Amino acid sequence: MTRSSEGWIRNFVDGGFVDPDENRGFDKSDPATGHVFTRVHEADEALVDRAVASARRALDHGWSDTPVRERVALLRRAADRIEERFEEFVAAEIADTGKPVTQARELDVARAPANFRAFADIAATAGQESFITDLTGGKQALNYAVRKPLGVVAVIVPWNLPLLLLTWKVAPALACGNAVVVKPSEETPSTATLLAEVLEEVGLPRGVYNVVHGFGSGSAGEFLTAHPGIDGVTFTGSSATGTHVMRTVAPRVRPVSFELGGKNAAVVFDDVDLDEALTGLSRSVFTNTGQVCLCTERVYVQRKIFDDIADGLAERAARLRMSTPADAATTTGPLISQAHRKKVLGYFELAEQAGAKVIAGGGVPDLGAALNSGSWIEPTLWTGLTNADRAVREEIFGPVAALIPFDTEEEAVALSNDTEYGLAATVWTNDIRRGHRVAQQMRVGISWINTWFTRELRAPFGGAGLSGIGREGGESSLHFYTEPTNVCVQL
Ligand code: NAD
């Protein structure tokens with residue numbers, strides 16, 4: 001049971017749930033209502049130490065030598081079991097985030113078994129590099145790489161797509177024979193903990209998957225990344241936290257994989273099918289209340305259709321339905337917390353001070369007594385800003401975008417690339433040559449043409465600039481979660 005007898009969400013260490021220390025807990029509230037619904041046991045340094053030690057023991061006791069076919073079979077059983085307990089995961093994700101039930105079902109929780117199955121397939125069929133080297137005197141040498149598990153991997157994830165992002169890292173880590181210590185966001189402790197039950201049920205050896213709850217600095221996040229017993233860190237979160245984590249692990253030169261923030265552009269050319277582009281743009285700006293690292297916050301529109309796109313998108317924003325997450329008609333949930341809403345509202349103020357014209361939203365909605373204590377915010381669109389304004393330069397991470405006109409293709413590329421981030425871009429055009437040309441010039445990890453958030457789990461995923469270091473997905477994940485030894489034999 002993830003919960004203690006007092007109803008606390010517990011840490012999971014060395015194959016068991018740990019009884020909470022009553023002096024170390026924090027409240028978790030429902031973002032839709034603002035009501036506290038549980039307490040979470042915050043792991044102290046000693047418990048993090050136990051988690052790392054148990055992961056090391058699991059590796060030493062044979063997990064890292066388990067044949068790939070057995071590890072892969074276990075991943076497939078995990079996928080099946082998540083599907084059997086699907087509605088529990090949906091309920092847990094909704095309680096933590098307030099996200100609409102349709103999204104929790106179709107995106108967040110659906111991607112968890114998909115991640116386990118995808119990495120089972122990828123690991124099952126992975127080959128190794130080998131090279132024949134010509135030596136002097138007509139001799140040759142054979143070089144081949146033996147890929148070994150990285151070891152004890154610290155997995156640190158954010159709150160926006162909690163289970164999806166967690167399983168995207170845990171599945172390949174386990175497929176490669178690593179043991180993990182997971183630190184979910186303090187805002188979303190539930191599904192990582194439920195996953196511990198599932199992995200135990202399908203026979204994962206004790207110590208291979210551990211969960212420690214808490215915050216960043218001075219708490220479980222820092223205790224984990226500073227721990228001398230970890231062999232690598234895979235981190236998804238903000239660019240600011242990424243730099244902290246990098247500093248913390250630097251003295252011990254551990255590998256890091258960073259999936260960080262974004263300030264993603266969409267470019268809309270005047271040859272588009274308006275309706276298709278508007279549907280796509282509306283998804284890319286407002287999905288998950290704008291709290292997806294890949295969401296569009298800058299929309300560059302070719303001048304001839306600027307008003308059509310601005311009016312059409314504003315009309316779609318007004319149609320979004322904010323209501324209780326359990327209602328299947330709800331399209332838009334709250335922000336994750338009051339603190340995050342304060343930050344987003346700060347950008348609303350900055351935008352207005354910079355002369356923005358608000359063409360949709362712009363404030364806090366009145367949703368009635370049951371929801372008004374939640375952290376709701378109106379889907380919002382601005383015109384009248386430029387790339388010089390902070391609201392156009394900094395990641396806001398809310399349901400908000402600035403619309404800016406452009407004239408030429410070169411200008412569109414330059415405006416899109418005028419950012420320190422480099423995560424994603426979207427090009428909307430019916431000119432296929434131009435689509436490819438522009439998409440390739442974007443300085444980002446993923447560049448979409450006439451689609452958004454379409455993901456191929458075998459393809460490399462990550463970001464340039466402030467948006468990250470390294471790639472995960474497909475073979476890239478296998479590379480991060482293993483350490484190769486090159487064997488060279490003279491033939
Ligand atoms: P965050 O950086 O505040 O926190 C992320 C995780 O790091 C949390 O678990 C947090 O507790 C932990 N943490 C915080 N400080 C730490 C420290 N000093 N040491 C160790 N751990 C620490 O991010 P967030 O607010 O939870 O998530 C939103 C951010 O995540 C946005 O910037 C978003 O763009 C980014 N994100 C990126 C991707 C991607 O794939 N590139 C995906 C999702 C979210």
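Salt bridges are the theme of this tour, and a search of the whole structure, which is a predicted model, finds 31 of them.

Begin by selecting Arg117 and Asp80, whose side chains form a salt bridge in which the closest N and O atoms are 2.8 Å apart. Colour helix H5 (residues 111-125) and helix H2 (residues 68-84) as well, since Arg117 lies in the former and Asp80 in the latter, so that the pair ties together parts that are 37 residues apart in sequence. With a surface displayed, look at how each partner is placed: Arg117 is partly exposed, its relative accessible area being 27%, and Asp80 is also partly exposed, with a value of 39%.

Next, select Asp108 and Lys99, where the side chains meet in a salt bridge with an N to O distance of 2.7 Å; here both residues are buried, so a surface view may be best hidden, because buried stands for under 20% relative accessible area.

Then move to Glu472 and Lys169, another pair of side chains that meet in a salt bridge, at 2.9 Å from N to O. Glu472 belongs to strand S21 (residues 471-472) and Lys169 to helix H6 (residues 162-175), so this contact ties together parts that are 303 residues apart in sequence. Glu472 is buried, with a relative accessible area of 0%, and Lys169 likewise counts as buried at 0% relative accessibility.

Finish by selecting Arg81, Glu84, Arg85, Glu88, Glu197 and Glu201 together and showing their side chains, for these residues are linked in a network of salt bridges.

Notes:
Residues are numbered from 1 along each chain as its sequence is written. This is a predicted model: local features need pLDDT of at least 70, side-chain atom pairs count only at pLDDT 80 or more; totals for chains, interfaces and linings use all residues. Side-chain values use heavy atoms; hydrogens and water are left out. A salt bridge is a side-chain nitrogen of Lys or Arg within 4 Å of a carboxyl oxygen of Asp or Glu. Helices (H or I, at least four residues) and strands (E, at least two) are DSSP runs, numbered from the N terminus. Buried means under 20% relative accessible area, exposed over 50%, partly exposed in between (1.4 Å probe, protein chains only).
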